[in-house]
Amino acid sequence: MYADIVTIFPDYFAPLDLSLVGKARRAGLVNWQVHDLRSWTHDRHHTVDDTPYGGGAGMVMKPEPWGEALDDLLDRAWSTPTLIIPTPAGEPFSQALAYEWAAASHVVFACGRYEGIDARVAQYAATRMPVREVSIGDYVLNGGEVAVLAMMEAIVRLVPGVVGNPESLVEESHAVGSGLLEYPAYTKPVSWRGWDVPEVLLSGHHGRVEAWRQERSRERTAAVRPDLLDADNA
Ligand SMILES: N#Cc1c(-c2ccc3cc[nH]c3c2)n[nH]c1N
């Protein structure tokens, strides 16, 4: 999976070179390039925003720099990428989308700022590539960069070879098809500040451990995400 990330804050993405995601890049399993949108401006002030038509607070990102950026990235592309635009108004980002894009050869992330990107950019882009407008949750950020950091981590960890034990991807919360949140985890010491590890986990009886874990998953899901149980039963 290769990603182009276009932003006015390239430094936001330095953390991608840390930990598992950075290790995957150094192993050649994934790669990405961060681009400063201002590289596609031509005025002295590298202007990327302007006032909104129709009035209202804030500024809107101008279409011209985005159009030139997408044209350049498409010209250099080996295959037609999917354009992913983070926005509070988007479809929910999901584990299923993370799997889909982990298998994609090329994605382009467009990080908006201010009140967002001129709507014609997504319209124009859709004439040249698949476009997905996605949201990482029902709260409002100041820009798309944090969303892209989250999506990159969710996507890269699913690329084959990145996670040491692929089994660990199966039992986690929101694993596609599981419909349940993951069970609580414990490690040594067996007793800590008066709290003991549940006996069943010390029994060595795999059947009982599995049954206990399934019950804890259902209990936890019913408590905090009953909507997943409805979806699970749908
Ligand atoms: N994804 C996502 C977002 C955003 C978001 C994304 C892009 C921009 C550009 C200006 N403001 C933004 C907020 N807020 N909340 C989410 N779940």
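Q: In this predicted model, where is Pro-189 found?
A: Pro-189 is found in the loop that lies between α5 and β8 (191-192), and the peptide bond that leads from Lys-188 to Pro-189 is cis, with omega near 5°.

Q: What makes the phi of His-46 worth noting, and where does His-46 lie?
A: The phi of His-46 is near 50°, a positive value in a residue other than glycine, and His-46 lies in the loop between β2 (31-36) and β3 (49-50).

Q: Why is the pair formed by Leu-141 and the ligand called a polar contact?
A: A polar contact needs a pair of N or O atoms within 3.5 Å; a nitrogen atom of the ligand is 2.9 Å from a polar backbone atom of Leu-141, so this pair meets the cut-off and counts as a polar contact.

Q: What makes Thr-87 and Val-134 partners of the ligand in polar contacts?
A: A polar backbone atom of Thr-87 is 3.4 Å from a nitrogen atom of the ligand, and a backbone N or O atom of Val-134 also lies 3.4 Å from a ligand nitrogen; because the cut-off is 3.5 Å, both pairs count as polar contacts.

Q: How much of the ligand does the protein bury?
A: Taken alone the ligand exposes 390 Å², and the protein buries 95% of that.

Q: Why is the ligand said to sit in the largest pocket?
A: A molecule sits in a pocket if more than half of its atoms lie within 2 Å of the pocket's grid points, and the ligand is found to sit in the largest pocket, which means that it passes this test.

Q: Which elements give two or more residues to the shell around the ligand?
A: These elements are β5 (82-92) and β7 (131-135), with β5 giving the largest share, three residues. By kind, the residues of the shell divide into nine nonpolar, seven polar and one charged.

Q: Which residues does UniProt list for "binding site", and which of them does the lining of the largest pocket include?
A: The unreviewed UniProt entry lists Gly-112, Ile-136, Gly-137, Asp-138, Tyr-139, Val-140 and Leu-141. Of these residues, the pocket lining includes Gly-112, Ile-136, Gly-137, Tyr-139, Val-140 and Leu-141. As for Asp-138, its place is in the loop between β7 and α5 (145-156).

Technical notes. Residues numbered from 1 in each chain as written. Predicted model: local features only at pLDDT ≥ 70, side-chain atom pairs only at ≥ 80, totals over all residues. Heavy atoms only, no water. Polar contact = N/O pair within 3.5 Å; in protein donor to acceptor, adjacent residues only side chain to side chain. Areas by Shrake-Rupley, 256 points an atom, 1.4 Å probe, with all protein chains shown as cover. 1 Å grid on protein atoms, 1.4 Å probe; cavity = no way out; pocket = protein on both sides within 12 Å on 5 of 7 lines; lining within 4 Å. Helix = DSSP H or I, 4+ residues; strand = E, 2+ residues; numbered from the N terminus. Nonpolar A, V, L, I, M, F, W, Y, C, P; charged D, E, K, R; others polar. UniProt positions renumbered as here; feature names shortened; annotations may be inferred.
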